[in-house]
Amino acid sequence: MAADTPPKVLFEHEGVFIHSNTEDSEEHDLLVSGFLRIIDKDGETIVEYKPLEDTVDPSNMLCAGKDSSSVMEWTQCLGDEPVSQVVLEQQSYETEWDMINAVSYPKRKPCANGDGALNHTQEKSKWAFTFNVCDLKSVTVKEEGWSRLLFRLKEPPTSLPTLHFHQGGCKGFLVSMRRYATLTEAPDDDTCLLVSTPNRALSQSFENLLDDNNYGLVTKLKKDPYVTTLGGFSKVTNYIFDAFRGPELEQQRLPQGQVDDLDILSLGEVIPGLEINQQEEPGFEVITRIDLGARPEVTRREPLSAEDWAKHQDREGRMNNVHQLKKIIFKGGLCHAVRKEAWKFLLGYHPWDSTFEERKSLQNRKTDEYFRMKLQWKSVSDEQERRNSRLRDYRSLIEKDVNRTDRNNRFYEGLDNPGLVLLHDILMTYCMYDFDLGYVQGMSDLLSPILYVMENEVEAFWCFVCFMDQMHQNFEEQMQGMKSQLIQLSTLLRLLDLSFWNYLEAQDSGYLYFCFRWLLIRFKRELSYPDVLRLWEVMWTGLPCQNFHLLVCCSILDSEKRKIIEENYGFNEILKHINELSMKLDIEEILHKSEAICMQIRSCKDLPHSISEILGFNTEREITRLEGGGIGTPLDSPHSPRASNTQEIFSNGHSGHYREPPTHNGCKVSFIS
């Protein structure tokens, strides 16, 4: 029989204490020092605490306060319980990056007859504990001089010994926990975090998804590394599906090819913070049936050439007639020779009205700013990083992802490829740029095409920053961006094809979870590399409406609905079919249909307000667009607060305040009860 896979350490912190007696106890309070770990053992996430060989005598012990600048001195009076005295008054709170700690802990001296060592061994062994994260009900966090954690298990309801983080590390532990479980604040106690573990579903879709060898649409087969690398993101929907089915259904996984109707738990019951309840959405309308009329014909053109691009630029470098230029890019994309310059404008790194000199000055400032941030992580010593679990985790994830990102592309293929080094360094520097977000799996997919086009570390970084401004909410812990987009996509599909949406709803697919990876990384894993470049530059124009990427989803589903319905696909088959579309899609056909769908919807007279909100048809700019004709006006401006990134508010469904547009003839609306 093959040997068991050794446990993988996901988090480890030494210097975590248990106070052997309660505060009310009159006995000597022995401080049990140990290490706390989170490990992956045979696919299960385990938390374990083990005391060290030597416990700690609290006599004359110095320990770090909340910010490592305050020191608590512990003294002990004979016959009395230990008394703590504040030597230096605590001035501030511990920060997640305050990792410096120069406080040492004297070890208890063994007794001469050796009995003390035996007693210590017996004492320490009884404080060790291990539990599965799935069995954890809540974690209580208290901040009183230092951080304290109290774990409470589900069955039987059990409280484990309180852990005291005298040397820091509490927040690092909680950050790591959030990668393998959902922690939400209890409504009646802000110190209590409720734990939800949806069978390692959505949280692992970002952090550990590509490491899991047990995934499968129906059966869990171990894939070879190459296939796993290219198809990794297809596992997102499978993990979600596993989560919705519940543990009792997961144990009864259907054989491959077998179709069955399953009762799927609602997303809100499984993953707190990602509840999809359309009744809570402002302006929600019940859309039953709307006749949109015939879908208009649209045409596309050849990509914009370098000569045509130059015609839109004056002698000082300003871009002229930006509205018309964006229309041309939307209609045909860009030839590759133009992309390196044009993408900087489309993403908002360069203002459209900037001159050559202004852009040169901007480049100098941004180069200096970039390398200052890069120096921050480059100058961290191995010793510092050993005490910085958050930075270690980011680096580990980045190194793992970089080594398997687009390795079939010439720009990244082979060993010791300089493109991989740049990919790594840009992602590490982004962690310095955005401390709160750091790095999440999937971000390397967004950077790779940008670096491929820019072929320049600094320019690629700042263009990536602009793109991440649009995509930020896709990767945030609460996943608000993904929640909003799934709601909006479902609303649009109900409008476009109610019968198809009803079919999907009957198959427990009405919220379109199988589109998760499409939205997460903007079709990066669905299209060939050249088609990804074409689609992204078209979407970055902000035309012909906001949230155009949702219409791209609708276009793909419209092309696949006949097969799905005729073959009577259930939940499993729909997931499998959508995942297998990867690298088989025709980008020009998709863009044709997506634009036609937009024009079809816009022509509707009494369009539901929720649809107008999603597509931005009732904004001031949309009114100008309608009055001026054509496919649209620019959705971004160099004078906007965030440097031409106005279209970012359209990426994840947050479109501000609007007023109703004038109505136009074109469709009949019929509501059927």
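Trainee: In which loop does Asp406 lie?

Mentor: In this predicted model, Asp406 lies in the loop between helix 13 and helix 14. Its backbone deserves attention, for Asp406 has a positive phi of about 50 degrees although it is not a glycine.

Trainee: Is Asp406 buried or exposed?

Mentor: Asp406 counts as buried, with a relative accessibility of 12%. The cut-off for that class is under 20% relative accessible area.

Trainee: How should one describe the two helices that flank this loop?

Mentor: Two packed helices are described by the angle between their axes and the distance between the axes. Here, helix 13 (residues 389-402) and helix 14 (residues 418-433) pack at an angle of about 150 degrees, and their axes are 10 Å apart.

Trainee: What does that angle say about the relative direction of helix 13 and helix 14?

Mentor: Angles over 145 degrees count as roughly antiparallel, and helix 13 and helix 14 are therefore roughly antiparallel to each other. The crossing of helix 13 with helix 14 is right-handed.

Trainee: Which residues of helix 13 and helix 14 meet?

Mentor: On the side of helix 13 they are Leu391, Tyr394, Arg395, Ile398, Glu399 and Val402. Their partners in helix 14 are Leu420, Leu423, His424, Leu427, Met428, Cys431 and Met432. By class, this contact of helix 13 with helix 14 comprises ten nonpolar residues, one polar and two charged.

Trainee: How does the same reading apply to helix 15 and helix 16?

Mentor: The axes of helix 15 (residues 443-454) and helix 16 (residues 457-475) cross at roughly 155 degrees and come within 9 Å. Helix 15 and helix 16 are therefore roughly antiparallel to each other, and helix 15 passes helix 16 in a right-handed crossing. Helix 15 contributes Met443, Leu446, Leu447, Ile450, Leu451 and Met454 to the contact. From helix 16 come Glu459, Ala460, Cys463, Phe464, Phe467, Met468, Met471 and Phe475. This contact has 13 nonpolar residues, no polar residue and one charged residue.

Trainee: How is a pair of aromatic rings read, and how many aromatic pairs does the structure hold?

Mentor: A pair of aromatic rings is described by the distance of the centres and the angle of the planes. The structure holds 25 aromatic pairs. One of them is formed by Trp536 and Trp540, which are 6.0 Å apart centre to centre, with 45 degrees between the planes, a tilted arrangement. Trp536 is buried at a relative accessible area of 0%, and Trp540 is also buried, at 3%.

Trainee: Which residues form one aromatic cluster?

Mentor: Tyr370, Phe371, Tyr430, Tyr433, Phe461, Trp462 and Phe464 form one such cluster. Phe464 has already appeared in the contact of helix 15 with helix 16.

Trainee: Which residues of helix 18 are buried, and what backbone feature occurs just after helix 18?

Mentor: In helix 18 (residues 498-506), the buried residues are Leu498, Phe500, Trp501, Tyr503 and Leu504. Just after helix 18, Asp508 takes a positive phi of about 60 degrees. Leu512, in the loop between helix 18 and helix 19 (516-520), likewise has a positive phi, of about 55 degrees, although it is not a glycine. Leu512 counts as buried, at 0% relative accessibility.

Trainee: Where is the place of Pro544, and what kind of peptide bond joins Leu543 and Pro544?

Mentor: Pro544 has its place in the loop between helix 20 (529-539) and helix 21 (548-566). The peptide bond that joins Leu543 and Pro544 is cis, with omega about -5 degrees.

Conventions:
Residues numbered from 1 in each chain as written. Predicted model: local features only at pLDDT ≥ 70, side-chain atom pairs only at ≥ 80, totals over all residues. Heavy atoms only, no water. Axes fitted to C-alpha atoms, helices over the stretch in contact; angles between N-to-C directions. Helix = DSSP H or I, 4+ residues; strand = E, 2+ residues; numbered from the N terminus. Parallel < 35°, antiparallel > 145°, perpendicular 65-115°, else oblique. Left-handed = near helix turned anticlockwise from the far one by under 90°. Contact = heavy atoms within 4.5 Å. Nonpolar A, V, L, I, M, F, W, Y, C, P; charged D, E, K, R; others polar. Phe/Tyr/Trp six-rings, centres within 6.5 Å; stacked < 30°, edge-to-face > 60°. Buried < 20%, exposed > 50% of the residue type's maximum accessible area, 1.4 Å probe, protein only.
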